[in-house]
Amino acid sequence: MKIDWDRRTCARKGHATYAPDDPRLRIRLHAQTALGDVWRCLRCGDFVLGEPRGSGPAADAPLVPRGKVLRDLFVLRFLAVERAVRGVFIVLVAAAVWKFSNSQDAVRRLFDEYLDVFRPVFRHFHYDLDHSPVVGSVQKAFGYKHSTLLLVAALLLAYALVEIIEAVGLWYAKRWAEYLTVVATAAFLPLEIYELTEHISWLKITTLVLNILAVLYIALTKRLFGLRGGRRKFDEERHSASLMEVEESAGVTV
Ligand SMILES: [Zn+2]
């Protein structure tokens, strides 16, 4: 399925028309019809009836992301949202761990009371709660030291912060955020793979696959670490994708 990101964006945001001062360029972007003046959209290339959105020197024309650049922007925003959701979720977990660390004894008493209530019920169904792995791991958590729990909460919070910083940076397509995402995500891949050797779940597999794809996608399309020509090539590509620049170079050769 081929999605026309240019037309979709124009449908949502309206066309990006611009009237450059330079008459040689103006003539290429402008036409007169029986219905009135039409201006060429810098994003989708359609001629649009009505006044241009902006005007001035060609150099001040907005750099309208289009084509591949625009598609990359959509993918980055999807990753940004995914990271923001994960970040907020981890903050909640960190808060829960922190709360638990402060009321460990109270929660343990409550848990033991519930255990006493439910023990005969479960025994009726031939299930021994005292040897249940779930109850076992909860009781193990009660044994953790206050300082250990605080450390866990702090580490979770730090991780969540990185995710949220990534999310904000990716949303605005910042190059530092792309580097941060690739480095931080790649750093956690060995841990995610190790986790899978312990216990396999669909959520873990999906997260792992998504993270590997994200690392490859960002590193390759954004030409990070000098890949595929690096920064210079990336800027060149972005500029050549701008219709205004295409028109400009065409105008010079005429
Ligand atoms: Zn348009």
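Leaving aside its neighbours within four places in sequence, which residues is V97 in contact with? The legends below, for a predicted model, take up this residue after the zinc site.

**View A. Coordination of the zinc ion by C10, H15, C41 and C44.** The zinc ion is held through the SG atoms of C10, C41 and C44 together with the ND1 atom of H15, at 2.1 to 2.4 Å. Because the 4 donor atoms subtend angles of 101 to 114 degrees around the zinc ion, their arrangement is tetrahedral. Along the chain, the donor residues follow the spacing C-x4-H-x25-C-x2-C.

**View B. Burial of the zinc donors C41 and C44.** C41 has a relative accessibility of 0% and therefore counts as buried, and C44, with 12% relative accessibility, counts as buried as well, the cut-off for this class being under 20%.

**View C. Surroundings of V97 in helix α3.** V97 is placed in helix α3, which comprises residues 68-102, and because its relative accessibility is 17%, V97 counts as buried. When its neighbours within four places in sequence are left aside, V97 is in contact with L149, V152, A153 and L156. Between the C-alpha atoms of V97 and C41, which stand 56 residues apart along the chain, the separation is 53 Å.

**View D. Domains 1, 2 and 3 of the protein.** The domain assignment gives domain 1 as residues 5-58, domain 2 as residues 78-165 and domain 3 as residues 174-238. The C-alpha centres of domain 1 and domain 3 are 37 Å apart.

Technical notes
Residues are numbered from 1 along each chain as its sequence is written. This is a predicted model: local features need pLDDT of at least 70, side-chain atom pairs count only at pLDDT 80 or more; totals for chains, interfaces and linings use all residues. Side-chain values use heavy atoms; hydrogens and water are left out. Donors are N, O and S atoms within 2.8 Å of the metal (3.2 Å for Na, K and Ca); water is not among the atoms, so sites may look incomplete. Four donors count as tetrahedral if all angles lie between 85 and 135 degrees; four count as square planar and six as octahedral if opposite donors are over 155 degrees apart and all others between 65 and 115; anything else is irregular. Buried means under 20% relative accessible area, exposed over 50%, partly exposed in between (1.4 Å probe, protein chains only). Helices (H or I, at least four residues) and strands (E, at least two) are DSSP runs, numbered from the N terminus. Contact means heavy atoms within 4.5 Å. Domain bounds come from an automatic or database domain assignment.
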